[in-house]
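Let us take a walk through this structure by way of its aromatic rings. Please have the sequence and the 3D view open as you read.

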Amino acid sequence: MPPGGDSPFDILFEPVRIGPLLARNRFYQVPHCNGMGWRDPSALAAMRGVKAEGGWAVVSTEEVSIHPSSDPTPFVEGRLWDDADLPAHMQVVDAIHAHGALAAIELVHGGMAAPNYYTRIPPMGPGHGVLANQHYAPVQSRQMTRDDIRQLRSWHQAAVGRSLAAGYDIVYVYAGHALTTLQFFLSPRYNQRSDDYGGPLENRARLLREVLEDTLETVAGRGAVACRIAVDELAGHLGIGRADIEGVLGIVGELPDLWDFMVGSWEDDSVPSRFGPEGGQEEWVRGLKQLTSKPVVGVGRFTSPDTMVRMVRRGVLDFIGAARPSIADPFLPAKLAEDRAAEIRECIGCNLCVSGDYTVAPIRCTQNPSMGEEWRRGWHPERYRLLAEPERVLVVGAGPAGLEAAVAAGKRGGEVVVIEARREIGGRVAREARLPGLAAWRRVLDYRQDQIGRLPNVQVYPQSAMTADEILEHEFGHIAVATGSTWRRDGVGYHHPMPLDIDPSADVLTPDDLMDGSRPGGRRVVLFDDDHYYLGGVLAELLAAEGYRVTLLTPASDVSEWTNNTLEQHRIAARLLGMGVEIVTHQSVERIGAGGVVTACRFTGRTAEREADAVVLVTCRSPNEQPALDLLERCGQMGGPTPEVRAIGDAYAPGTIAAAVWDGRRFAEELEGPDPGAPFRRNVPALELDPWA
Ligand code: ADP
Ligand code: SF4
């Protein structure tokens, strides 16, 4: 589906050879985790299939473990341990092939990054030592013997054979993200062996070379072999650096059919937009393509077609690799091909998708509510089931929930009116996007505003607050109340179930106050973060940048603790500390006086006084449910047919922006009533009855 003619993006639609295969264009969905893995194979297959349908030339799996000695539990990834795992993979391959894309499988032996909690096999790596990437697990890995090395090679070969049997076109040899035995052998910081697998680069690269050769031998031209590798571990002289990777390419540069380059660990590879620009890996990847004749794929949260073209023209990459941009918009290639670039649902770089993997729940995406729901609920990112009747729908509130409800109901053929109290639409997204580092979040609004502009059956009226009676006069069949939520001013949150003791003369502000432009009266500010996601840290950054002396106080062990699930906690801590914000952990605010606060240790209860001119409370939110309650009450008083009234998004239950967008879609999907069965489909394991018989 090339654009044809003289589109500036033509180069992105050139077919490219990968060994014996021909990729139909340069769009390559690199392997990415999804929290579904072996547990939700049908949902996983449908998700990958939608990517293929959206025009990606190559669609890859997440990491797929080759053997029980590589068990990433509690994370749920792919498995290919024996033939019992084949049917799940065949489903994935079929879904990808059904739409003309090449299917790639990322085989992994996690070694010292796999705690093996499920399989109970002691992990193994190049040497005896603690685990990599495992957050202080009380597990050590043992040094692999030569026999272990021989076994690992045979497990990998067996998995390659099974990959071909499942129908995969491209098989990965994986040495990246500080997650694989092959990388640990390559890296001087993990490999201190004294045999011919350790020491000089040639020795450290021996296992990688052997596994590449084994893989080529097993594939034997029936598919292609890719190698994904960390080109820099960002660990200075201790880790793999430029000289190492250039040396590796000198040794094995011509072995695989494709190189997939990435930088550091997952935290470095998937930097949120708050901390890194599009194309941020170019600095490390540039120049490597010139050291091999094989095609190269790389990532960089690419959303701008101009940047993609530049990557190819400047000889940095042959393929535009994407995980997050393909999650936010599986149809990115198709839209570019059809000259519909303005309609791309651009990734905002929030990393909420990563939290699916970290919370072991199916992937969700702030921009794309259908992500992970393709099979479970039958949602498609682009296609909507038309309504039997053109239902009349009113949406009250134009935040992410309301806008998504309006777009989805509009695409289903509804007659939709959106009323918004403020002059500006976008709700929390418009407001939060003005905070430091969050500008890209506005894309949640931009995409939906653009779509509404293309839907003649959807009208938006800003500055239009209406009473329940006024609304009911218009005889809508369905009313979504998407009026958002309000940050509490009384300190109630995780730590305090009851309102705090607050002196009425104290200067207390909420996130809403700060976003509306209010500021503390004095310079010394205590910010009590009992919300633990991003906002407390962002507001501390805002105030510190404006010259306030900020103390961020949290009962948690980390600042913005939940952002461990979005790969940014360490960056938030570094940024705040770098700006001079004082971070106090394990402490709560117990009382707020006129000139300061009383704090308490979470463990001992010991209290202390701390001077402060103002206190910012980032604790929890109350849903703005009154409009919904008023409507329901008036409907209850009316005779005759009444509209369906539903609070959605934060007005129903405050949560993430992704949850609000998802709820907007759900409202539109259920306009003709919810599915009468279970709310969604799931794979139920086939049980072997009477296993002791
Ligand atoms: P969500 O995340 O659930 O979409 P937001 O807080 O982002 O919630 O958006 C709610 C939107 O609803 C805001 O733009 C707000 O101004 C608007 N709003 C709140 N109350 C009313 C109301 N009574 N009538 C119309 N719009 C309202
Ligand atoms: Fe991008 Fe956020 Fe969606 Fe992930 S969740 S793909 S970072 S928009």
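The paragraphs below go from ring pairs to a cluster, and then to charges that sit over rings.

Keep in mind that this is a predicted model. It holds 12 aromatic pairs. A good one to begin with is formed by Phe 13 and Phe 27, whose ring centres are 5.3 Å apart. Their planes make an angle of 50 degrees, and the pair is tilted. Because planes must be over 60 degrees apart to count as edge-to-face and under 30 to count as stacked, an angle between those limits is called tilted.

Now look at where these two rings come from. Phe 13 belongs to the segment before β1 (16-18), while Phe 27 is in strand β3 (residues 27-29). With the two positions 14 residues apart, the pair links distant parts of the chain. Phe 13 has a relative accessible area of 6%, so it is buried. Phe 27 is buried as well, at 1%.

Next, move along to Tyr 533 and Tyr 534. Their ring centres lie 4.6 Å apart with the planes at 75 degrees, which means that this pair is edge-to-face. Both tyrosines, Tyr 533 and Tyr 534, are buried. They also have company: together with Trp 441 and Trp 562, Tyr 533 and Tyr 534 make up one aromatic cluster.

Finally, turn to the charges. Arg 79 places its charged end over the ring of Trp 81, 4.5 Å from the ring's centre. Elsewhere, Tyr 548 has Arg 523 over its face, at 4.2 Å from the ring centre.

Definitions and conventions
Residues numbered from 1 in each chain as written. Chains lettered and ligands numbered in written order. Predicted model: local features only at pLDDT ≥ 70, side-chain atom pairs only at ≥ 80, totals over all residues. Heavy atoms only, no water. Phe/Tyr/Trp six-rings, centres within 6.5 Å; stacked < 30°, edge-to-face > 60°. Helix = DSSP H or I, 4+ residues; strand = E, 2+ residues; numbered from the N terminus. Buried < 20%, exposed > 50% of the residue type's maximum accessible area, 1.4 Å probe, protein only. Lys NZ or Arg CZ within 6 Å of the ring centre and 35° of its normal.
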